Amino acid sequence: MNDARHASSGAAPRTLLDPTAERSPARRERVPRLDGLDGKTVGLLDIAKPRGDIFLDRLEARLRERGAEVNRYRKPTFTKPAPADLRHEIAVQCDAVVEALAD
């Protein structure tokens, strides 16, 4: 996906890949970046893989240092997508989300 914001900043265009449903790729517009973290709520989603919580603990501390509120979430298992109710909860409560992958 080419993004004019990157072209004007001199950064190379980026291609984002979604690993799901590769047979019928969906094109989605990127949401705008946050203008900052102060007063924003960032969701941290632990997908239940080993050591993901360690990464998120450190990330939470760094985000809080920068003025963000942090909500933590956890998937029941890494082998399946997050349940719809969990995805909805994150979407209505957070301005941004980070999904932790680790092993």
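In the predicted model, Asp46 belongs to strand β1, which spans residues 41-46. The relative accessibility of Asp46 is 5%, and because this value lies under the 20% limit, the residue counts as buried. The side chain of Asp46 is joined to that of Arg74 by a polar contact of 2.9 Å. When neighbours within four places in sequence are set aside, the residues in contact with Asp46 are Gly52, Asp53 and Leu56, together with Tyr73, Arg74 and Lys75. Of these partners, Gly52, Asp53 and Leu56 fall within helix α2, which comprises residues 52-65, while Tyr73 and Arg74 fall within strand β2, which comprises residues 69-74.

Strand β1 is part of an open sheet of 3 strands, arranged in the order β2-β1-β3 with parallel pairing. Strands β2 (69-74) and β3 (96-100) occupy the edges of this sheet, and because each of them has a single partner strand, one side of each is left without a neighbour in the sheet. On average, and with direction ignored, neighbouring strands of the sheet are turned by 20° against each other. The parallel pairing of β1 with β3 is made through 5 bridges, and within this pair of strands Gly43 is placed opposite Val97 of β3.

Two helices pack on the sheet described above. Helix α2, formed by residues 52-65, touches β1, β2 and β3, and its direction makes an angle of about 170° with that of β1. Helix α3, formed by residues 84-93, likewise touches β1, β2 and β3, and in this case the direction of the helix makes an angle of about 175° with that of β2.

With regard to the chain as a whole, 3 helices and 3 strands are present, and these elements follow one another from the N terminus in the order α-β-α-β-α-β. The chain contains 103 residues, of which 24% are buried, Asp46 being one of the residues that count as buried. Among the contacts in the chain with a separation of 6 or more, 67% are accounted for by residues that lie 24 or more positions apart; the pair formed by Asp46 and Arg74 is in contact and is also joined through the side chains by the polar contact noted above. The area exposed by the chain amounts to about 7,900 Å², of which 52% is supplied by carbon and sulfur atoms.

Terms used: Residues are numbered from 1 along each chain as its sequence is written. This is a predicted model: local features need pLDDT of at least 70, side-chain atom pairs count only at pLDDT 80 or more; totals for chains, interfaces and linings use all residues. Side-chain values use heavy atoms; hydrogens and water are left out. Helices (H or I, at least four residues) and strands (E, at least two) are DSSP runs, numbered from the N terminus. Buried means under 20% relative accessible area, exposed over 50%, partly exposed in between (1.4 Å probe, protein chains only). A polar contact is a pair of N or O atoms within 3.5 Å; within protein, one must be able to donate a hydrogen and the other to accept it, and residues adjacent in sequence count only if both atoms are side-chain atoms. Contact means heavy atoms within 4.5 Å. Two strands pair if DSSP finds at least two bridges between them. Axes are lines fitted to C-alpha atoms, for helices over the stretch in contact, and angles run from 0 to 180 degrees between N-to-C directions. Accessible areas come from the Shrake-Rupley method with a 1.4 Å probe; for residues, only the protein chains shown count as cover.
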